[in-house]
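Visitor: Please pick one part of this model and take me through it closely. I'd like to see what faces inward and what faces out, and then what the rest of the packing looks like.

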Amino acid sequence: MIVRVREGRQDVVAVMAFVLLALSVVLGGASRENALPLALVELAAAPLLVIAGWRLIGSGTWREHKFALALLAGLVAVPLLQLLPLPFDLWRRLPGRAPIAAVADLAGAAPAWAAFSLAPE
């Protein structure tokens, strides 16, 4: 990995990326048994994303990467849309919801707002 030097200092983003890579190698990959180390790697990635995004916006080079940033925005939007609460009548009319709505009616459950996704987790 190349670490750029600016005015006698190492580039913070490059050093953070190297540390994140080292954490990923040391703490391993994703699995059910490995939840805490995975959370640590994800938490270590958050400041790197913020600083890199801040630099991208501050430098003005984001205009050259509109398509990639649009894909990234879509990647963030899809999970958030799955958590979007909908009124029960609208939720019932979506495809695949009829059997679940019928069970709710038979159980006498009061209509309540429901998440767009059937399995938000």
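**Helix 1 and beyond**

Guide: In helix 1, the buried residues are V13, A14 and L20; buried means under 20% relative accessible area, exposed over 50% and partly exposed in between, using a 1.4 Å probe and protein chains only. Those three sit on the same side of helix 1, because they cover an arc of only 120 degrees around the axis, the arc being taken over the directions from the helix axis to the C-beta atoms. Helices here are DSSP runs of H or I with at least four residues, numbered from the N terminus.

Before we go on: this is a predicted model, so local features need pLDDT of at least 70 and side-chain atom pairs count only at 80 or more, while totals for chains, interfaces and linings use all residues. Residues are numbered from 1 along each chain as its sequence is written, and side-chain values use heavy atoms, leaving out hydrogens and water.

Back to the helix. A14 counts as buried because its relative accessible area is 11%. Flip to the face turned away from the buried side and you'll find V25 and V26, both exposed. The buried residues of helix 1 pack against helix 2 (35-59), where contact means heavy atoms within 4.5 Å. The C-alpha atoms of A14 and L48 are 9.3 Å apart, though 34 residues separate them along the chain. Just past the end of helix 1, G28 has a positive phi of about 85 degrees.

Now for the cores. A nonpolar core is a set of buried Ala, Val, Leu, Ile, Met, Phe, Trp, Tyr and Cys residues joined through side-chain atoms within 4.5 Å. The largest has six residues: L86, F88, W91, A101, A104 and A114. Helix 4 and helix 5 each give two or more residues to this core. A second, separate core of five residues includes V13, L20, V41 and A45, so there are our helix 1 residues V13 and L20 again.

In the larger core, F88 touches A101, A104, P111, A112 and W113, skipping residues up to four places away in sequence. Both F88 and W91 are buried. They're three residues apart in helix 4 (residues 88-92), which means about one helical turn separates them.

Finally, R97 sits in the loop between helix 4 and helix 5 (98-107) and counts as buried because its relative accessibility is 7%. Its contacts, again ignoring residues up to four places away, are W91, R92, F116, S117 and L118.
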